[in-house]
Amino acid sequence: RVVCIYNPQDSGLIIANAGNDDHDTRFRTDKTVILSMGRLGSVKRFTHVPSIARQLKEKGLDFVWYIVGDGSEKAAIENNINQNGVEDCVIMLGAKSNPHFYIQKADLYVCLSSSEACPRVVNEAKILGTPVVSTNFPTIYEYLEDGVNGRIAPLEGMADAIAEMLSDKEMYSRIKQEIEGFEFDNSTLIKQLEEIL
């Protein structure tokens, strides 16, 4: 018999961390801020960020897309930034000890993963009131309902989904209101553990 128990998340601690400024002068909020975060490995598909950003620019959006994290695909991502001519709007910030500050300041969190066992950062974004657009890997449907508390789209449709989220003010406001006050419920996890023990 298999029992699935999600990882606990401390909403209070996440909110408290978000209030501590990381003081990175490269991070600005004078444009629409898109954020992606995680290990720069193939499963996260950050190498696709520059081409999606180029499509968003072609659609006329004015934004800056920050990538927080470090890893083996850093050079490939930097190369793709140059190849797509998006040096002005895709900024790699490197690894951060307090990523929650950036999540809270972002207008949109984008997850491009091909798979995730437990996309904790999606819950962190919801806890901090930041709407999420994610690719359609299987477990995301346990965390987001498309069009209700976020957007879910295939990788090839991400530019359209992001553009719609940022251009449709009514939808953006409705989703932001839906996640307002979201708090991850640890009580169910504790109960499951107690039953096993």
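Which residue in S5 is the bridge partner of Tyr109? In the predicted model examined here, that partner is Val132, and the bridge belongs to the pairing of S4 with S5, which runs in the parallel sense over three bridges. Between these two strands the chain passes from S4 through helix H5, comprising residues 120–127, to S5, and the resulting β-α-β crossover is right-handed.

Strand S5, which spans residues 132–135, is covered on both faces, with Val132 and Ser134 buried on one side and Val133 and Thr135 buried on the other. Beyond its pairing with S4, strand S5 also pairs with S6, again in the parallel sense and over three bridges; within this pairing, Thr135 stands opposite Ala153 of S6.

These pairings form part of an open sheet of six strands, arranged in the order S3-S2-S1-S4-S5-S6 with parallel pairing. The edges of the sheet are occupied by strand S3 (90–94) and strand S6 (151–153), each of which pairs on one side only, and neighbouring strands are turned against each other by 25 degrees on average when direction is ignored.

On the other side of S4 in the strand order lies S1, and strand S1 (residues 32–37) pairs with strand S4 (residues 108–111) in the parallel sense over two bridges, with Leu108 of S4 serving as the bridge partner of Ile34. Helix H2, formed by residues 49–58, packs on the sheet and touches S1, strand S2 (63–68) and S3, while the direction of helix H2 makes about 170 degrees with that of S2.

Conventions: Residues numbered from 1 in each chain as written. Predicted model: local features only at pLDDT ≥ 70, side-chain atom pairs only at ≥ 80, totals over all residues. Heavy atoms only, no water. Pairing = 2+ DSSP bridges. Helix = DSSP H or I, 4+ residues; strand = E, 2+ residues; numbered from the N terminus. Axes fitted to C-alpha atoms, helices over the stretch in contact; angles between N-to-C directions. Contact = heavy atoms within 4.5 Å. Buried < 20%, exposed > 50% of the residue type's maximum accessible area, 1.4 Å probe, protein only. Right-handed = clockwise from strand over helix to strand, strands pointing away.
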